[in-house]
Amino acid sequence: MIPSEFQYFSPTTVDEAVSLLQEHGEDAKLIAGGHSLLPAMKLRLTAP
């Protein structure tokens with residue numbers, strides 16, 4: 001399966017991260033993961 005479509009941002013500073021969170025409101029989610037995140041997204045067990 002293919003993960004559902006989403007936008008991904010990779011801020012490099014805390015200020016940039018806070019700005020993105022404010023800009024996108026409740027739709028924004030912080031994600032982190034190792035080797036298990038993408039397979040779980042492909043199976044639609046998790047979504048950003």
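A pocket is an open set of grid points with protein on both sides within 12 Å along at least five of seven lines. The exercises below apply to a predicted model.

**Exercise 1. State the volume of the largest pocket and describe its lining.**

Solution.
1. The volume of the largest pocket is about 470 Å³.
2. Its lining holds 15 residues, and Q7, F9, A28, K29 and L30 are the closest to the pocket centre.
3. By residue class, the lining of this pocket divides into 11 nonpolar, two polar and two charged residues.

**Exercise 2. Summarise the chain by secondary structure, burial and accessible surface.**

Solution.
1. The chain has two helices and zero strands.
2. Helix α1 covers 14–24, and α2 covers 37–42.
3. Of the 48 residues in the chain, 6% are buried, where buried means under 20% relative accessible area.
4. The chain exposes about 4,400 Å², with 56% of this area supplied by carbon and sulfur atoms.

**Exercise 3. Identify the residues that form a nonpolar surface patch with Y8, then place each of them in the chain and classify its exposure.**

Solution.
1. The patch consists of F6, Y8 and I31, which together have about 320 Å² of accessible area.
2. F6 is found in the segment before α1, whereas I31 belongs to the loop between α1 and α2.
3. The relative accessible area of F6 is 37%. Partly exposed covers the range between 20% and 50%, so F6 is partly exposed.
4. I31 has a relative accessible area of 40%, so I31 is also partly exposed.
5. Membership of a patch requires over 30% relative accessible area; F6 has 37% and I31 has 40%.
6. Y8 and I31 are 23 residues apart along the chain, and their C-alpha atoms are separated by 9.6 Å.

**Exercise 4. Give the C-alpha separation of F6 and A47, and their distance along the chain.**

Solution.
1. The starting point, F6, precedes α1 in the chain.
2. A47 is 41 residues from F6 along the chain.
3. The C-alpha atoms of F6 and A47 are separated by 8.8 Å.

**Exercise 5. Examine the backbone of R44 and classify the exposure of this residue.**

Solution.
1. R44 lies in the segment after α2.
2. The phi angle of R44 is near 55°, a positive value in a residue other than glycine.
3. For comparison, most residues other than glycine have a negative phi.
4. The relative accessibility of R44 is 48%. Exposed means over 50%, so R44 counts as partly exposed.

Methods:
Residues numbered from 1 in each chain as written. Predicted model: local features only at pLDDT ≥ 70, side-chain atom pairs only at ≥ 80, totals over all residues. Heavy atoms only, no water. Patch = residues over 30% accessible without salt bridge, like charges linked within 9 Å, V, L, I, M, F, W, Y side chains within 5 Å. Areas by Shrake-Rupley, 256 points an atom, 1.4 Å probe, with all protein chains shown as cover. Salt bridge = Lys/Arg side-chain N within 4 Å of Asp/Glu carboxyl O. Helix = DSSP H or I, 4+ residues; strand = E, 2+ residues; numbered from the N terminus. Buried < 20%, exposed > 50% of the residue type's maximum accessible area, 1.4 Å probe, protein only. 1 Å grid on protein atoms, 1.4 Å probe; cavity = no way out; pocket = protein on both sides within 12 Å on 5 of 7 lines; lining within 4 Å. Points joined across faces, edges and corners; volume = space filled by probe spheres on them. Nonpolar A, V, L, I, M, F, W, Y, C, P; charged D, E, K, R; others polar.
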